Amino acid sequence: MKITVLFPTATEAQFFADSRVEVAICGVGHSAAAANTLRAIMRAQPDCLILAGIAGVYPGSALQLGEVALVQSECEADLGFFTPQGFVQLADLPLEMDFTRMPRWVSPHQPPQPRWPLAHSNSLNAAMAPFVKTSGVDLENMEGAAFFQVCLAEQVRFFELRAVSNPVAISDEAWDFAGSIQALTGAVTQLVDDLLAEASQ
């Protein structure tokens with residue numbers, strides 16, 4: 001099985017080393033993630049892609065700092081319009097235009113007995129934007145929705161792992177980079193082990 005692991009930044013990849021997989025940096029934000037996810041698919045033609053990074057956690061989530069989650073859905077939450085009634089996500093706008101409305105991208109590849117809690121995530125270019133919907137959403141990141149869209153369009157199996165590094169709050173509270181990235185590294189290694197074991201059966 002050919003596996004490619006994408007990290008948004010070299011910082012998030014710093015502790016990971018595994019000769020069994022290809023590793024690439026996809027960059028931060030929707031545009032970079034989309035372009036480099038597609039580039040990784042075209043170059044390596046992997047059987048499976050893993051996006052691995054840190055994320056913020058919303059106040060209503062049961063996830064804790066340092067915990068790793070397997071993302072089962074992503075929303076491009078800050079894509080939309082400001083209206084007199086406030087911000088409206090693009091999929092919810094009553095525009096008389098013919099385009100695909102996708103309020104949330106869902107992964108069809110979740111394992112039957114996942115090792116990590118499943119999470120719903122928002123992807124934002126404007127991190128910690130106060131106007132997006134967060135009800136029923138656990139995490140916030142900056143690449144996942146683009147990654148989901150490209151993988152689904154290219155029909156490549158994919159997984160997204162996120163380690164909680166910080167609360168989603170505009171404050172001076174310190175982020176736990178080291179602890180969350182260490183936890184992320186262990187989870188990625190375990191997922192690679194599981195996928196290769198599955199392929200060898």
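A199 is where I will start, and A199 sits in helix α4. Keep in mind that this is a predicted model. Is A199 buried, exposed or partly exposed? A199 counts as partly exposed, because its relative accessibility is 41% and the partly exposed class runs between 20% and 50%. There is also a distance to look at. A199 and C48 are 151 residues apart in sequence, while their C-alpha atoms are 11 Å apart in space.

Now to another residue of that helix. T185 is found in helix α4, which covers residues 177-200. T185 is buried, because its relative accessible area is 9% and buried means under 20%. What lies 2.8 Å from a polar atom of the T185 side chain? That is the backbone oxygen of I181. If we set aside neighbours within four places in sequence, T185 is in contact with F15 and F16.

Next, a strand. E160 is found in strand β10, residues 157-167. The relative accessibility of E160 is 0%, so E160 counts as buried. Which side chain does the side chain of E160 make a polar contact with? The partner is the side chain of R162, at 2.7 Å.

E160 has other contacts too, again leaving aside neighbours within four places in sequence. They are L51, A69, L70, V71, E74, N141, G144 and F148.

To recap: in helix α4, T185 is buried, and A199, also in helix α4, is partly exposed. In strand β10, E160 is buried. That is what I have for today.

Terms used:
Residues numbered from 1 in each chain as written. Predicted model: local features only at pLDDT ≥ 70, side-chain atom pairs only at ≥ 80, totals over all residues. Heavy atoms only, no water. Helix = DSSP H or I, 4+ residues; strand = E, 2+ residues; numbered from the N terminus. Buried < 20%, exposed > 50% of the residue type's maximum accessible area, 1.4 Å probe, protein only. Polar contact = N/O pair within 3.5 Å; in protein donor to acceptor, adjacent residues only side chain to side chain. Contact = heavy atoms within 4.5 Å.
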